[in-house]
Amino acid sequence: MPSQVYSRKNPFQARLTVNRPLTLPGSGKDTRHYELSLEGSGLVYECGDSMGVFCKNDPELVDDILRRLGFSGSEPVATGERPPEPVRDVLLRDCDLGLPDRKFLKAIVDRSSSAPLLASLLSPERRDDLMQFLRGQDVLDFLHQHPSTTFTPQEFVPTLRKLQPRLYSIASSRKAVGEAVHFTIGTVRYEIRKRLRKGVCSSWLAERVTPETPVPLFVHSAKGFRMPEDSSTAMIMVGPGTGVAPFRAFLQERKVCGASGKNWLFFGEQHAATDFLYGEELERYRADGILTRLDTAFSRDQAGKIYVQDRMREAAAELWHWIGGGAHVFVCGDASRMAKDVDEALHGILAEQGGLGREGAALYLEQMKKDKRYKRDVY
Ligand SMILES: Cc1cc2nc3c(=O)[nH]c(=O)nc-3n(C[C@H](O)[C@H](O)[C@H](O)COP(=O)(O)OP(=O)(O)OC[C@H]3O[C@@H](n4cnc5c(N)ncnc54)[C@H](O)[C@@H]3O)c2cc1C
Ligand SMILES: NC(=O)c1ccc[n+]([C@@H]2O[C@H](COP(=O)([O-])OP(=O)(O)OC[C@H]3O[C@@H](n4cnc5c(N)ncnc54)[C@H](OP(=O)(O)O)[C@@H]3O)[C@@H](O)[C@H]2O)c1
């Protein structure tokens with residue numbers, strides 16, 4: 001079937017072929033390498049693209065909600081999209097059971113005699129307080145906090161948001177792996193109020209998807225995060241943690257195409273011994289000369305933190321030499337802290353090494369963005 005047949009509205013049902021831990025025992029993280037077969041899909045993706053993955057909720061969480069609401073799970077619910085289905089199936093597949101929105105909170109307030117705080121937080125002028133209050137709370141938390149609240153299954157389901165697909169950076173080059181796609185995914189797990197919380201999609205993939213489970217996915221194109229058209233152009237890639245994913249794809253592609261452009265990767269994680277994602281593969285790329293330079297920043301292997309931007313500052317003169325020579329700069333991974341700090345470091349490096357001053361450095365980076373030489377994919 002041609003690739004355009006498959007889309008977010010009509011996802012391809014891929015099959016998982018590999019689920020392998022990248023982090024080793026003793027790591028504080030569970031980051032995994034996944035491979036999925038796209039055989040027969042005709043799906044076309046480019047290095048730099050992501051894929052959207054539709055996932056399912058944790059049956060244990062769904063059963064806790066059913067128990068709290070006194071549902072057996074088999075009660076039929078009509079959603080308008082399909083003929084009525086058992087409420088358990090609908091909750092597993094369609095409903096976001098994480099952070100609730102105003103519709104759900106209002107339904108709690110309307111049905112509960114004990115929600116004056118929540119009622120006051122729903123007023124438009126207290127939007128920020130509400131956001132603060134909601135942090136780390138999910139649908140089950142609110143149901144437990146308001147034990148007198150009752151719903152019928154048909155009333156309950158429409159109060160919930162629709163479960164959305166999750167995006168993952170593609171960690172493979174089609175030219176290297178054929179009809180397959182690879183991902184690098186950190187499994188989200190954390191504890192709040194003595195209950196283990198699990199990221200819906202990352203823990204579905206890590207714990208419950210088998211080679212027999214269809215994994216519905218679609219290509220999410222990222223035209224602003226492409227490798228340079230000219231394969232002799234140098235690339236500087238900054239990808240700590242799962243941010244390394246697209247750069248694994250870039251390196252695969254450069255190798256398979258015999259590209260002459262130089263490649264420099266900055267990788268960071270907590271500990272070298274347990275968290276060097278794709279460590280052996282990256283070392284091989286360095287030995288083969290595909291990676292001209294590999295700089296690592298293991299943040300927790302010494303008393304003070306060392307981050308990728310510290311390694312960039314240490315290599316400032318060489319970085320300026322590459323950038324001045326036309327290299328493209330890519331950043332992928334954490335948006336909230338890392339990408340800002342790396343941006344700040346780049347400003348400093350250009351200001352000092354390029355002799356541009358702060359204003360000149362800002363203008364230079366703006367121009368690099370316009371020229372599609374400074375590209376970011378952060379989340
Ligand atoms: C373009 C793009 C590319 C991406 N690429 C990748 C990738 O290559 N690899 C990858 O791993 N991820 C990637 N992501 C993130 C990915 O899409 C998901 O957001 C991630 O896997 C979590 O989804 P989930 O369903 O497992 O967790 P969810 O069920 O969505 O839960 C995540 C939420 O849990 C909350 N949370 C998490 N930790 C804590 C904590 N300690 N305390 C309190 N609350 C917490 C936060 O609100 C967070 O948003 C990408 C995102 C984008 C937008
Ligand atoms: N939206 C979501 O639901 C979701 C889910 C999963 C991941 N993410 C995002 O994806 C990011 C990647 O997660 P990850 O676990 O693979 O890696 P990560 O948390 O980014 O950690 C990778 C490395 O970056 C370091 N780091 C922390 N702050 C930094 C900073 N300001 N500048 C540079 N490096 C910094 C970490 O050090 P220390 O840990 O020692 O500080 C660690 O060594 C997360 O941070 C998160 O923002 C989002």
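## Domain 1 and domain 3

In this predicted model, the centres of domain 1 and domain 3, taken over C-alpha atoms, are separated by 24 Å. The protein chain is divided into domain 1 (3–55 + 165–220), domain 2 (70–159) and domain 3 (223–378). Domain 1 is thus written as two stretches of the chain, 3–55 and 165–220.

Contact between domain 1 and domain 3 involves 22 residues of domain 1 and 23 residues of domain 3. On the side of domain 1 that touches domain 3, α8 (174–177) and β7 each supply at least two residues. The largest share of that side comes from β7, which gives four residues. Sorted by class, the side of domain 1 that touches domain 3 holds eight nonpolar, 11 polar and three charged residues.

## The surroundings of ligand 1

There are 20 residues around ligand 1, and those that come nearest are Tyr 190, Gly 199, Cys 201, Ser 202 and Tyr 379. Three elements give two or more residues to this shell: β6 (166–169), β7 (180–186) and α9 (200–208). Of the elements, β6 gives the most to the shell around ligand 1, with four residues.

The shell around ligand 1 comprises nine nonpolar, nine polar and two charged residues. At least three residues of this shell are drawn from each of domain 1 and domain 3.

## The surroundings of ligand 2

Around ligand 2 there are 22 residues, of which Gly 241, Thr 242, Ser 299, Asp 334 and Arg 337 come nearest. The shell around ligand 2 receives at least two residues from each of β12 (263–269), α13 (308–314) and α15 (338–353). In terms of class, six of its residues are nonpolar, nine are polar and seven are charged.

Where does ligand 2 lie with respect to domain 1 and domain 3? Ligand 2 lies between the two domains, because domain 1 and domain 3 both give residues to the shell around ligand 2.

## Helices α14, α15 and α16

Two packed helices are described by the angle between their axes and the distance between the axes. Helix α15, which supplies residues to the shell around ligand 2, also packs with helix α16 (residues 357–370) at an angle of about 115°, the axes being 8 Å apart. The crossing of α15 and α16 is right-handed. On the α15 side, the contact is made by Leu 346, His 347, Leu 350 and Ala 351. On the α16 side, Gly 357, Arg 358, Gly 360, Ala 361, Ala 362, Tyr 364 and Leu 365 take part. The contact of α15 with α16 has seven nonpolar, three polar and one charged residues.

Helix α14 (residues 316–324) packs with α15 as well, at an angle of about 85° and with the axes 10 Å apart. Helices α14 and α15 are therefore roughly perpendicular to each other. In this contact, Ala 316, Ala 317, Leu 319 and Trp 320 of α14 meet Ile 349, Leu 350, Glu 352 and Gln 353 of α15. The residues of the contact of α14 with α15 comprise six nonpolar, one polar and one charged. Leu 350 of α15 takes part in the contact with α16 and in the contact with α14.

## Helices α1 and α2

Helix α1 (residues 59–69) and helix α2 (residues 87–94) have axes that come within 10 Å and cross at roughly 135°. That angle makes α1 oblique to α2. The crossing in which α1 passes α2 is right-handed.

Which residues make the contact between α1 and α2? From α1 these are Pro 59, Val 62, Ile 65 and Leu 66, and from α2 they are Arg 88, Leu 91 and Leu 92. By class, the residues of the contact of α1 with α2 divide into six nonpolar, no polar and one charged.

How values were computed: Residues are numbered from 1 along each chain as its sequence is written. Chains are lettered from A and ligands numbered from 1 in the order in which they are written. This is a predicted model: local features need pLDDT of at least 70, side-chain atom pairs count only at pLDDT 80 or more; totals for chains, interfaces and linings use all residues. Axes are lines fitted to C-alpha atoms, for helices over the stretch in contact, and angles run from 0 to 180 degrees between N-to-C directions. Angles under 35 degrees count as roughly parallel, over 145 as roughly antiparallel, 65 to 115 as roughly perpendicular and the rest as oblique. A crossing is left-handed if the near helix is turned anticlockwise from the far one by less than a right angle, and right-handed if clockwise. Two residues are in contact if their C-beta atoms, placed from the backbone, lie within 7 Å. Ala, Val, Leu, Ile, Met, Phe, Trp, Tyr, Cys and Pro count as nonpolar, Asp, Glu, Lys and Arg as charged, and the others, Gly among them, as polar. A residue is near a molecule or strand if its C-beta atom, placed from the backbone, lies within 6 Å of it. Domain bounds come from an automatic or database domain assignment.
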